[in-house]
Amino acid sequence: MPSPAPRSPKPLPRPRLAAALGLGLTLTTAWAGAASYYLIFHDEVLARFVSRQSAMQYTYEERLDTLQRALDRATSDHAATRGSLESRLSTLAERQALIERRQGVLSGIPGAAAEIDVPTTGSIPVPESAAGPARAQKPFPTPELRMQSDDRAESRDGLAVARLARMERSLDRMAEGQSRALSRVAKAAGRSADRFRDLIARTGLSPARFEPAMGGIGGPLVPLSADAFEANLAEARRQIDEETHLRRVAAALPFRQPLPGEIAYTSSFGTRLDPFTRMAALHTGVDMRAETGAPARATAGGRVSAAEYAGGYGNMVEVDHGRGLVTRYAHLSGYAVSVGQRVEAGSVVGFVGSTGRSTGSHLHYETRIDGEPVDPQRFLRAGAELTFAD
């Protein structure tokens with residue numbers, strides 16, 4: 001069976017053919033124009049593109065450079081701050097140790113121990129370089145992140161600086177308190193020393209009489225520092241030593257009464273009518289009313305230099321207190337000590353009687369300085385202002 005003959009293509013309608021041809025012509029013209037423009041303006045477009053890229057790169061590099069400079073400045077400032085923190089922390093630790101040592105010194109001075117709470121530097125956040133090896137840190141990918149980290153570090157350092165400042169002010173107050181405590185002790189010791197000095201002077205004695213013998217002294221001049229604590233400590237020790245010395249001097253003087261209770265004087269020191277001759281005569285002591293057998297006591301510590309019958313004194317005990325000062329107890333009915341014996345203040349040396357040149361039972365009491373009789377009441381009146389521990 002014969003195959004059918006091929007059909008010829010159906011011709012496009014004329015309007016469509018015209019539109020297709022127009023579109024093709026348009027595309028061809030556009031392509032030709034673009035190709036021509038590219039060929040003509042290729043170098044200029046490329047130049048503009050490269051210029052924009054170069055401008056962007058320059059801007060980015062400039063920004064990076066600015067950030068790097070800022071980072072370098074921040075790092076430098078941060079390092080300086082840390083160095084300053086380390087130095088201040090080291091100084092604070094030294095000051096704290098010094099205050100603790102000084103507190104130990106104060107504890108050995110009665111009345112000077114200031115009740116203070118010495119803080120520790122453990123509460124201060126220290127820089128890593130001061131606290132020990134730094135911890136491993138993660139790498140920072142960009143300067144911005146590094147600057148953010150440094151900002152946080154600066155914030156921590158700022159907190160440390162504030163706490164260090166508070167610690168410094170606290171230590172300043174403690175140092176001032178310690179100096180004031182020493183100043184108060186020095187003033188109190190000075191007032192007490194003046195009191196003892198006045199009591200001794202009222203007896204007619206000079207405190208210099210009781211100063212220990214000293215040899216030659218000298219040496220190079222080494223001025224003390226202007227530190228208030230050291231100056232106050234030196235003054236406090238000087239005043240305390242002076243007060244202690246004068247207190248010991250007072251304790252060694254015949255300030256106690258030879259008889260207990262209230263003293264009834266039957267004859268005073270100085271010129272009087274002699275009870276036997278009825279003529280003016282010097283009475284070298286004072287007479288105190290007392291019953292026979294009443295204990296007569298040493299008015300200060302010393303060594304018995306006589307315990308014997310001594311003419312008008314009758315039975316007499318003499319006690320040498322040193323530095324030319326002696327006391328006598330006369331008209332005794334008996335002795336309680338022997339020559340060379342050491343007696344303490346308040347020790348019984350004899351018993352009241354009426355031996356020797358006496359008109360009745362009483363105690364004749366004398367005080368002598370360098371062999372010369374002085375009024376015993378000088379000492380007894382001064383001693384009345386003191387409190388003795390019996």
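**Close-up views of a predicted model**

**View 1. The largest nonpolar core.** In this predicted model, the largest nonpolar core has 19 residues, and those touching the most other members are Leu259, Met288, Val317, Tyr329, Val349 and Leu363. Five strands each supply at least two residues of this core: β4 (286-289), β7 (315-322), β8 (325-335), β10 (348-352) and β11 (362-369). Elsewhere, a second, separate core of 17 residues includes Phe196, Leu253, Phe255 and Leu386.

**View 2. The surroundings of Leu259.** Which residues does Leu259 touch, once residues up to four places away in sequence are not counted? They are Met288, Arg289, Ala290, Pro295, Ala296, Val352 and Leu363. Two of these names may be familiar from the first view, as Met288 and Leu363 are among the residues that touch the most other members of the largest nonpolar core.

**View 3. Thr284 and its neighbours.** Look for Thr284 in the loop between β3 (280-283) and β4. Is this residue buried or exposed? Thr284 counts as buried because its relative accessibility is 17%, which is under the 20% limit. Its side chain meets the side chain of Glu366 in a polar contact of 2.4 Å. Leaving out residues up to four places away in sequence, Thr284 touches Phe269, Tyr313, His364, Glu366, Arg368 and Pro373.

**View 4. Strand β10 and its partners.** Strand β5 (residues 295-297) and β10 run antiparallel and are joined by 3 bridges. Within this pairing, Pro295 has Phe351 of β10 as its bridge partner. Strand β8 also pairs with β10 in the antiparallel sense, again over 3 bridges. Here Gly334 is the residue that stands opposite Phe351. Phe351 is thus a handy landmark for finding both Pro295 and Gly334.

**View 5. The aromatic pair of Phe255 and Phe379.** How many aromatic pairs does a search of the whole structure find? The search finds 2. One of them is formed by Phe255 and Phe379, a tilted pair with 6.2 Å from centre to centre and 45° between the planes. Phe255 sits in the loop between α4 (228-252) and β1 (265-267), while Phe379 belongs to helix α5 (residues 376-383), so the pair ties together parts that are 124 residues apart in sequence. Both Phe255 and Phe379 are buried, and Phe255 also belongs to the second core of 17 residues.

**View 6. The aromatic pair of Tyr329 and Tyr365.** The ring centres of Tyr329 and Tyr365 are 5.4 Å apart and the ring planes meet at 45°, so this pair counts as tilted. Distant parts of the chain are linked here, with Tyr329 in strand β8 and Tyr365 in strand β11, 36 residues apart. Tyr329 is buried, at 0% relative accessibility. Tyr365 is likewise buried, with a relative accessible area of 0%. Tyr329 appears in the first view too, among the residues that touch the most other members of the largest nonpolar core.

**View 7. Stepping back to the whole chain.** The protein chain contains 5 helices and 12 strands. Of its 390 residues, 32% count as buried. Among contacts with a separation of 6 or more, 70% are between residues 24 or more positions apart. The chain exposes about 24400 Å², and carbon and sulfur atoms supply 56% of that area.

Notes:
Residues numbered from 1 in each chain as written. Predicted model: local features only at pLDDT ≥ 70, side-chain atom pairs only at ≥ 80, totals over all residues. Heavy atoms only, no water. Core = buried A, V, L, I, M, F, W, Y, C linked by side-chain atoms within 4.5 Å. Buried < 20%, exposed > 50% of the residue type's maximum accessible area, 1.4 Å probe, protein only. Helix = DSSP H or I, 4+ residues; strand = E, 2+ residues; numbered from the N terminus. Contact = heavy atoms within 4.5 Å. Polar contact = N/O pair within 3.5 Å; in protein donor to acceptor, adjacent residues only side chain to side chain. Areas by Shrake-Rupley, 256 points an atom, 1.4 Å probe, with all protein chains shown as cover. Pairing = 2+ DSSP bridges. Phe/Tyr/Trp six-rings, centres within 6.5 Å; stacked < 30°, edge-to-face > 60°.
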